[in-house]
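Colleague: I should like to learn how to read pairing and packing in a model of this kind. Could we begin with a single residue pair and work outwards?

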Amino acid sequence: MLEVKGLTVWRGDNVLLNDISFCLDIGSVLQIQGANGSGKTTLLRIICGVGLADEGDVYWHGTPIHRNRDQFNDALLYLGHKAGIKGGLTAIENLRIFCTLSGRTKNKQTDLAIESALDGLSLLSKAHIACRHLSAGQQRRVSLARLLLQTAQLWVLDEPLTSLDKAGLSWVETQIAKQVARGGSVLLTTHAPLNIDTVEVGTLELG
Amino acid sequence: MNLDNSPLNATVSAEVDSTTVGILAVLGCILRREWLVALRNPGQWVNPLLFFVVVVSLFPLGVGPSPSTLASIAPGVLWVSSLLAVLLSLGTLFDADYADGTLEQLVLSGQSLPLIVLAKVLMHWLLSGLPLLLVSPLLAVLLNLPVGAIPVLMLSLLLGTLALSLIGAIGAALTVGLNQSGVLLSLLVLPLSVPVLIFGSSAVAAAASDLGSSGQLMILAAVLLLALALAPLTAALALRIGVSGSS
């Protein structure tokens, strides 16, 4: 369903990504590995449509993503290197904005969903504190709560495990397993080995 | 932590459908977001206002307290100061969102980006342009501007600062992600804001000499409408480029 064909990116005179091609099928997980600076984040940003490739294209259900951006954006959940939360707002406020922008109407149900997502990440007691006062790991958890609030076919996660503790790690693994079980796909970069019993994790080595 | 929260997750998934929320909901959501962010970061809207007040009140000290001199320079001083105050406050319009990664989330949200830009500019104006407008009568009296010209001053500032915020948004979007972009932003935006300055100050000057100023005000309104139609689209396009330029 996601197909990457011949992506090449130049940085000055050096080639950063050289002719990268792969397919991501329904219900599969692909882990992109590579040393620091090997272009993992660049690759993920290009796949999401917020980065530009010098050559090659990304296809979603057979159509290049820039021709089909609305449909692709609806099907995509991107968790970037930066947390993507406003430091001045509380966890609940941040997630409410995310819910509205991802097409959920603002109502009691949405609020309950946000609360239970935060509860699952043991953040409920911190839900009314401005996010800038939370620890790095807690901010990462606020960001991860979005995984429960939108049903996207494709998750693109850039280092989702950064500054997470062990419980957080296994929470992410559980969510990835669930995403695969309901027919979604996951594309992620991480240095930690993933340990999910029910899912076979493919790998792509860069550099 | 409860790791096996499958029933919870099942209900969450069932509730989510792909119904698109209305334009007003998105507009309200962004307005509220900007309001809360500004409320907890008062410097964002207090600084331009203070700048405006300080610059204008330095003029009587600098050029001397002669009432007739002050009255003749008042329209220009008030307008130049408000132009600079608006420009000063524009730098932060997209930079904070860029730095914390929420800008790329907005770009990828699938909602109309021009609409999001428009909402951000509106709230920016409410917090930086409107206070200037409200404090301007006080400063006009300080500069000995005839009282009869004050309604025209406020009306011209209403149209003008709104247009300047919209025009400035284009510059802020073009320079997003660049370090120390203040000078570049001014260079980009100043030529576009010169018409607003010229017609704004000449409207006030005309009113101060008991001449009609409706012509200048209508041109200001025309500039505002043009900016309202084109600036959000242009800025949204520039933001898409700005976000994809970085990695």
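Modeller: Let us start with one pair: A:Val156 has A:Leu187, in strand E8 of chain A, as its bridge partner. Please keep in mind that this is a predicted model.

Colleague: How many bridges join strand E7 to strand E8 of chain A, and do the strands run parallel or antiparallel?

Modeller: There are five bridges between E7(A), residues 154-158, and E8(A), residues 185-189, and the two strands run parallel. Both belong to an open sheet of five strands in chain A, ordered E6-E7-E8-E3-E9 with parallel pairing.

Colleague: Which strands stand at the edges of this sheet?

Modeller: The edge strands of chain A are E6 (76-79) and E9 (201-205); each has a single partner strand, so one side of each lacks a neighbour in the sheet. On average, neighbouring strands are turned by 15° against each other, direction ignored.

Colleague: Which helices lie across these strands?

Modeller: Helix H1 of chain A, residues 40-48, lies across E3 (29-33), E6, E7 and E8, at about 150° to E7(A). Helix H6 of chain A, residues 166-181, lies across E3, E7 and E8, and runs at about 145° to E8(A).

Colleague: How should one describe the interface between the chains?

Modeller: Interface size is often given as the accessible area lost when the parts come together. Here one may count residues: 35 from chain B and 45 from chain A take part in the contact. On the chain B side, H1 (6-15), H2 (23-39), H6 (102-108) and H10 (214-244) each supply at least two residues. The largest share, six residues, comes from H2(B). By class, that side of chain B comprises 14 nonpolar, 16 polar and five charged residues.

Definitions and conventions: Residues numbered from 1 in each chain as written. Chains lettered and ligands numbered in written order. Predicted model: local features only at pLDDT ≥ 70, side-chain atom pairs only at ≥ 80, totals over all residues. Contact = placed C-beta atoms within 7 Å. Helix = DSSP H or I, 4+ residues; strand = E, 2+ residues; numbered from the N terminus. Nonpolar A, V, L, I, M, F, W, Y, C, P; charged D, E, K, R; others polar. Pairing = 2+ DSSP bridges. Axes fitted to C-alpha atoms, helices over the stretch in contact; angles between N-to-C directions.
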